[in-house]
Amino acid sequence: RKRDSENPNSDLIALGEFQLDKIKSELVFQDKSWELTSKEADLLLLLYGNMNNIVERENILKKVWGDEGDYVGRTVDVFISKLRKKLESDPNVRIVNARGVGYKLIIAS
């Protein structure tokens with residue numbers, strides 16, 4: 001059997017015990033899967049790309065929502081809450097709040 005690292009699938013990202021399928025916008029954990037909205041997927045990918053670093057709210061709004069202008073003050077918090085619920089199956093994967101600044105994704109090894 002070939003090791004995964006020898007045949008990496010760039011469409012799949014390991015997030016602790018989760019697999020994030022970038023093409024299907026699907027989060028898979030053992031025998032469960034959750035379909036992500038495009039905004040949830042974009043937000044999770046942004047946090048993943050900046051893992052262990054705080055991503056400022058304004059940066060999140062700009063990168064995920066862009067110029068759509070269809071967001072209100074609590075939009076980021078609502079989407080973070082939705083992602084946290086989906087990620088709660090793995091206690092090693094957390095999105096933490098940097099009070100008044102933004103959020104960061106932490107994946108314990």
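Buried means under 20% relative accessible area, exposed over 50%, and partly exposed in between (1.4 Å probe, protein chains only). This is a predicted model, in which local features need pLDDT of at least 70 and side-chain atom pairs count only at pLDDT 80 or more, while totals for chains, interfaces and linings use all residues. Residues are numbered from 1 along each chain as its sequence is written, and side-chain values use heavy atoms, with hydrogens and water left out.

**Exercise 1.** Work out which side chains of strand S3 (residues 26-29) are buried.

*Solution.* Start with the term: strands (E, at least two residues) are DSSP runs, numbered from the N terminus. Next, recall that in a regular strand the side chains alternate between the two faces of the sheet. Now apply this to S3: Leu-27 and Phe-29 share one face and are buried, whereas Glu-26 and Val-28 point to the other and are not.

**Exercise 2.** Find the strands that pair with S3.

*Solution.* Two strands pair if DSSP finds at least two bridges between them. Take S2 (residues 18-21): four bridges link S2 to S3 in the antiparallel sense, and Asp-21 has Glu-26 as its bridge partner. Then turn to S4 (residues 32-35), which is antiparallel to S3, again with four bridges. Here Leu-27 is partnered by Trp-34.

**Exercise 3.** Describe the setting of Ile-95.

*Solution.* First, locate Ile-95 in strand S6 (residues 93-98). Its relative accessible area is 5%, so Ile-95 is buried. Finally, list contacts (heavy atoms within 4.5 Å): leaving out residues up to four places away in sequence, Ile-95 touches several residues, including Leu-47, Ile-80 and Tyr-103. Ile-80 lies 15 residues from Ile-95 in sequence, and 7.6 Å separates them C-alpha to C-alpha.
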